[in-house]
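Subject: Structure handover

Hello,

Here is the structure I promised to pass on. My notes on it follow directly below.

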Amino acid sequence: MSLVIYEHPLNEKQRTFMRVEYLFGQLDSCRSLSHPFQLQVFFDALFAMVELLDRSDLRSDIAKELERNEHNLVKWSQHPEICNAALEETLRQVINLQNTLSKKEKVCNPLKDDPFLESIRKRFTMPGPSCDFDLPQLHFWMQLNPQDKKAQIDGWLEHLSSTREAIYLIQTFVRERSNFVNTKAPGGFYQDNSENLDMLRIKYTPAYGAYPTVSGNKYRYAIRFMRLCDEQGRTTVDEDVMFSLARC
């Protein structure tokens, strides 16, 4: 049975970054709109992305993280065993993203001002909004030439491309801060300090018949392995659980 990796954020900033990253994944997987049922996921993700990116705190957090990564890369360049070519390429990427994003007031404004998106956006706050009778204009749009639809979708997502690149780069830095270490949860429970951490990555096997849940704050965290709900509700694991943990 293959191993599963579960990631859990330990602060609000990382929680938002992971949500944005997840939405970009949904947009990528459904952008072909090869099946009408992909409409719901694609436009839900697009409108949620617009709402998130409209927040000034998210734009500020992205800028701060890019600046912090730039400083770290400059510091690492002094290490005698560092690969200078790879570091310089990554540093160039960080600086280019900083310059690009700093010139944009709000990357989501073109999407908010798009007449077609605006005409269907409110409907997507309702259950089952992509039925043909609810949105005849969307039904008509789906019948357009595939190349025309692709060009329009590519244009929408192009406005988000710099933010996508920044988020993926930031998250790569976070995940590469720590390697997985074999760990034991006695009686299915494990806890430790969480100071200066952004994310926990838990690698475990489903063979235990249990999954990890995480609770905590910026000072401490706790991992509890639970079994799926049955007639008695959720139950905890009583035996020791071996797993791998990366503290990022």
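Leu117 is buried, because its relative accessible area is 1%, under the 20% cut-off. This is a predicted model, so please read every value here as computed from it. Leu117 sits in helix 6, which covers residues 115–121. What does Leu117 contact, once neighbours within four places in sequence are left aside? The partners are Phe43, Leu46, Phe47, Leu111 and Trp156. Arg234 is elsewhere: its C-alpha atom is separated from that of Leu117 by 42 Å. Along the chain, these two residues are 117 positions apart.

Now the overall picture. The protein has 248 residues, and 39% of them count as buried. It contains 9 helices and 8 strands. The C-alpha trace spans about 60 × 60 × 30 Å along its principal axes. Take the contacts with a separation of 6 or more: 71% of them join residues 24 or more positions apart. The exposed area is about 14200 Å², and carbon and sulfur atoms supply 52% of it. On the charge side, there are 31 positive and 34 negative side chains. The centres of these two sets lie 3 Å apart.

Next, the sheet. It is open and built from 4 strands, in the order 1-4-8-2. The pairing is antiparallel. Strand 1 (4–9) and strand 2 (181–185) are the edge strands; each has a single partner strand, so one side of each lacks a neighbour in the sheet. From one strand to the next, the twist averages 35°. As general background, strands of a sheet pair through backbone hydrogen bonds, either parallel or antiparallel.

Here are the pairings, one by one:

- Strand 1 and strand 4: 6 bridges join them, and they run antiparallel. Tyr6 has Ile202 of strand 4 as its bridge partner.
- Strand 4 and strand 8: 4 bridges, again antiparallel. Leu200 stands opposite Arg247 in strand 8.
- Strand 2 and strand 8 (residues 241–247): 5 bridges, with the strands running antiparallel. Asn182 stands opposite Ser244 in strand 8.

How much of strand 4 is buried? 5 of its 6 residues are, so the strand is mostly covered, with buried meaning under 20% relative accessible area. Helix 1 (residues 12–30) lies across strand 1 and strand 4 (199–204). Helix 1 runs at about 130° to strand 1.

The loop before strand 4 deserves a look too. Asp198 lies there, between strand 3 and strand 4. Is Asp198 buried or exposed? Asp198 is buried, because its relative accessible area is 7%. Not counting residues up to four places away in sequence, Asp198 touches His8, Pro9, Leu10, Asn11, Lys13, Gln14, Arg68, Val174, Arg177 and Cys248. The C-alpha atom of Lys122, by contrast, is separated from that of Asp198 by 34 Å. Those two residues are 76 positions apart along the chain.

Asn196 lies in that loop as well, between strand 3 (189–193) and strand 4. Asn196 is exposed, because its relative accessible area is 71%. Its phi is positive, about 65°, although Asn196 is not a glycine. Most residues other than glycine have a negative phi.

Where else does a positive phi turn up in a residue that is not a glycine? Leu33 has one, of about 50°. Leu33 lies in the loop between helix 1 and helix 2 (38–53). Leu33 is buried, because its relative accessible area is 5%.

One more loop residue. Lys104 lies between helix 4 (84–102) and helix 5 (109–112). Lys104 counts as partly exposed, because its relative accessibility is 32%. Leaving out residues up to four places away in sequence, Lys104 touches His159 and Ser162.

To open the model yourself, start at Leu117, which is in helix 6. Then go to the sheet and follow its order, 1-4-8-2. Finish in the loop between strand 3 and strand 4, where Asp198 lies.

Best wishes

Note on methods:
Residues are numbered from 1 along each chain as its sequence is written. This is a predicted model: local features need pLDDT of at least 70, side-chain atom pairs count only at pLDDT 80 or more; totals for chains, interfaces and linings use all residues. Side-chain values use heavy atoms; hydrogens and water are left out. Two strands pair if DSSP finds at least two bridges between them. Helices (H or I, at least four residues) and strands (E, at least two) are DSSP runs, numbered from the N terminus. Axes are lines fitted to C-alpha atoms, for helices over the stretch in contact, and angles run from 0 to 180 degrees between N-to-C directions. Contact means heavy atoms within 4.5 Å. Buried means under 20% relative accessible area, exposed over 50%, partly exposed in between (1.4 Å probe, protein chains only). Accessible areas come from the Shrake-Rupley method with a 1.4 Å probe; for residues, only the protein chains shown count as cover. Lys and Arg count as positive and Asp and Glu as negative; His and the chain ends are not counted. The place of a charge is taken as NZ of Lys, CZ of Arg, CG of Asp or CD of Glu.
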